[in-house]
Amino acid sequence: MGRRPSLGLAPAAAAAAAVLLLIAAAAPAARAQEETEDEHEFSYDPRDAHGPARWGAIKAEWANCSAGRMQSPIDLSHERVTLARALGYLDHAYRAAAASIVNRGHDIMVRFRGDAGSLVINGTAYRLRQLHWHTPTEHTVGGRRYDMELHLVHESAAGKAAVVGVLYEVGAAPDPFLRAMEPAVRRIADRRDREEDVGVVDPRRARGRASVYYRYMGSLTTPPCTEGVIWTVVKRVGAGHLAAGQPPRHCSFLQTVTVRS
Ligand SMILES: [Zn+2]
């Protein structure tokens, strides 16, 4: 999902930003709340005829992208958002599972083929299907955009989606999950539309610690922009970097992804 990837930004911003565009959002089968996999039909470039502002006009099925009332992303200070500080708000039971990595062009996605566990919200289980990254963040907090946003995309048995977003600030501590995934991302960075096996991936390494949870009802951030998606956004500051002490523009992992976008 990604209304905000950085194509069309100034080079300097893009270098720091476009980063993890390679990790994106497909999903196993065609279901109601599935993001489209056909990225040739839309663009992230605001100057493009198929740019985000026009997604809703490209296809009738994508009308929500323009006309929807519960679209994501949003600023998390919005009145639609509830805030919880209590741990346990995120009731998830993840496990390591076989996965593959896919370069969708605008981002890279880790798709779980095995059972990666699930998230329970109001008594409904949402199974973890895939995860991907955006840079900079899609959600903002009080107008501020952070360096990176991880999306963990879940789906219920009824085909409803729940997404956990993790906001990262580039900081001193290297992120173990990113570090673990780096070789696979590098391999696939210039191999658009390819999918390759990455063995077993443990999503528990991605969630990290968080102090604040934001919850609201929103949408997919990629066409068809389907609404009714339960968003839980976690702010996790200071853990988004691969190597300590480097500013984002010097992060080679991020640059790898940026160059290809
Ligand atoms: Zn996304």
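**Figure 1. The kink in helix 4 of the predicted model**. Helix 4 bends by about 45° at Glu182, shortly before the proline Pro183. The helix covers residues 176-188, 13 residues in total. From its first C-alpha to its last, helix 4 reaches 19 Å, which is close to the 18 Å expected at 1.5 Å a residue.

**Figure 2. Buried residues of helix 4**. Six names make up the buried set of this helix: Phe177, Leu178, Met181, Ala184, Val185 and Ile188. Leu178, a residue of helix 4, is shown in detail. Leu178 counts as buried because 24 other C-beta atoms lie within 10 Å, where the cut-off is 20 or more. A distance of 10.0 Å separates the C-alpha atoms of Leu178 and Trp133, which stand 45 residues apart along the chain.

**Figure 3. The largest nonpolar core**. This core holds 48 residues. The residues with the most contacts inside the core are Ile101, Val110, Leu150, Leu152, Ala162, Val163 and Val229. Strand 10, residues 161-169, supplies the largest share of the core, with 7 residues.

**Figure 4. Surroundings of Leu152**. Leu152 is among the residues with the most contacts inside the largest nonpolar core. With neighbours within four places in sequence left aside, the contacts of Leu152 are Leu128, Leu131, Val163, Val164, Pro203 and Ala206. One of these partners, Val163, is also listed among the residues with the most contacts inside the core.

**Figure 5. Arg95 in the loop between strand 2 and strand 3**. The loop that holds Arg95 joins strand 2 (91-94) to strand 3 (97-103). Arg95 is partly exposed because 15 other C-beta atoms lie within 10 Å, a count between the limits of 12 or fewer for exposed and 20 or more for buried. Outside its neighbours within four places in sequence, Arg95 is in contact with Asp115, Ala116 and Gly117. The C-alpha atoms of Arg95 and Leu128 are 9.6 Å apart, with their positions 33 residues apart along the chain counted as separation.

**Figure 6. The whole chain, for orientation of the close-ups**. The secondary structure comprises 6 helices and 13 strands. The chain has 261 residues, of which 45% count as buried. Among contacts in the chain with a separation of 6 or more, 70% are between residues 24 or more positions apart.

How values were computed
Residues numbered from 1 in each chain as written. Predicted model: local features only at pLDDT ≥ 70, side-chain atom pairs only at ≥ 80, totals over all residues. Core = buried A, V, L, I, M, F, W, Y, C linked by C-beta atoms within 7 Å. Helix = DSSP H or I, 4+ residues; strand = E, 2+ residues; numbered from the N terminus. Contact = placed C-beta atoms within 7 Å. Expected span 1.5 Å × (residues − 1). Bend = angle between axes of the 7 residues up to and from the residue.
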